[in-house]
Amino acid sequence: QVQLVESGGGLVQAGDSLRLSCEASGRTFRWYSVGWFRQPPEEEREFVAGINYSDSWTYYADSVKGRFTISGNNAKTTMYLQMNSLKPEDTAVYFCAATQTRINAENYHLSHVYNNWGQGTQVTVSS
């Protein structure tokens, strides 16, 4: 059983930075596609960023382009989301998700294409 565990969330002020981590444990799968999603209070879960480990292509929601960066370690066991210039509207529970299959570029934002999810970490940005 593979488990994903997020960390790095917290309470920050607008303009600050945070780096979220997502560590995979259990069976030593090598992830092919990884995504970060978030769920703001009383809203639906939404796509934030994704990465294809094979060619390192990255995908971002328009709301975070230029501020957030998704990456992973070479062993493909830990994934990161560097968040800069945080805004109050970035407040949400952030989830990492991964799959061992290749995701078409146009589908990275779809939560159902990922078959492994973390439990989430809270990010709160005060104004």
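# Charged pairs and odd turns

Trainee: Asp 62 first: buried or exposed?
Mentor: Asp 62 is exposed, as its relative accessible area is 66%. Keep in mind that this is a predicted model.

Trainee: Which residue forms a salt bridge with Asp 62?
Mentor: That's Lys 65. The closest N and O atoms of the two are 3.2 Å apart.

Trainee: OK, and how many salt bridges does the structure hold?
Mentor: There are 4 of them. Another one joins the side chains of Asp 90 and Arg 38, at 2.9 Å from N to O.

Trainee: Where do Asp 90 and Arg 38 sit in the chain?
Mentor: In distant parts of it, 52 residues apart. Asp 90 is in the loop between strand E8 (78-83) and strand E9 (92-99), while Arg 38 belongs to strand E4, residues 33-39.

Trainee: Why does Asp 90 count as buried?
Mentor: Because its relative accessibility is just 1%, and the cut-off for buried is under 20%.

Trainee: And Arg 38, buried or exposed?
Mentor: Buried, with a relative accessibility of 4%.

Trainee: Let's stay with Asp 90. Which Arg meets Asp 90 in a salt bridge of 2.7 Å?
Mentor: Arg 67, and the 2.7 Å runs from N to O between the side chains. This pair also links distant parts of the chain, 23 residues apart. Asp 90 is in that E8 to E9 loop, and Arg 67 is in the loop between strand E6 (58-60) and strand E7 (68-72).

Trainee: Are those two buried or exposed?
Mentor: Asp 90 and Arg 67 are both buried.

Trainee: Which residues do the shared partners join into one network?
Mentor: Arg 38, Glu 46, Arg 67 and Asp 90. Salt bridges with partners in common tie them together.

Trainee: New topic, backbone angles. What's the phi of Glu 42?
Mentor: About 60 degrees, so to speak a plus sign on a residue that is not a glycine. Glu 42 is in the loop between E4 and strand E5 (46-52).

Trainee: Is Glu 42 buried or exposed?
Mentor: Exposed, since its relative accessibility is 87%.

Trainee: Which residue has a positive phi near 50 degrees?
Mentor: Ser 85, which isn't a glycine either. Ser 85 lies in the loop between E8 and E9, and that loop holds Asp 90 as well.

Trainee: How does Ser 85 count for accessibility?
Mentor: As partly exposed, at 41% relative accessibility.

Notes:
Residues are numbered from 1 along each chain as its sequence is written. This is a predicted model: local features need pLDDT of at least 70, side-chain atom pairs count only at pLDDT 80 or more; totals for chains, interfaces and linings use all residues. Side-chain values use heavy atoms; hydrogens and water are left out. Helices (H or I, at least four residues) and strands (E, at least two) are DSSP runs, numbered from the N terminus. Buried means under 20% relative accessible area, exposed over 50%, partly exposed in between (1.4 Å probe, protein chains only).
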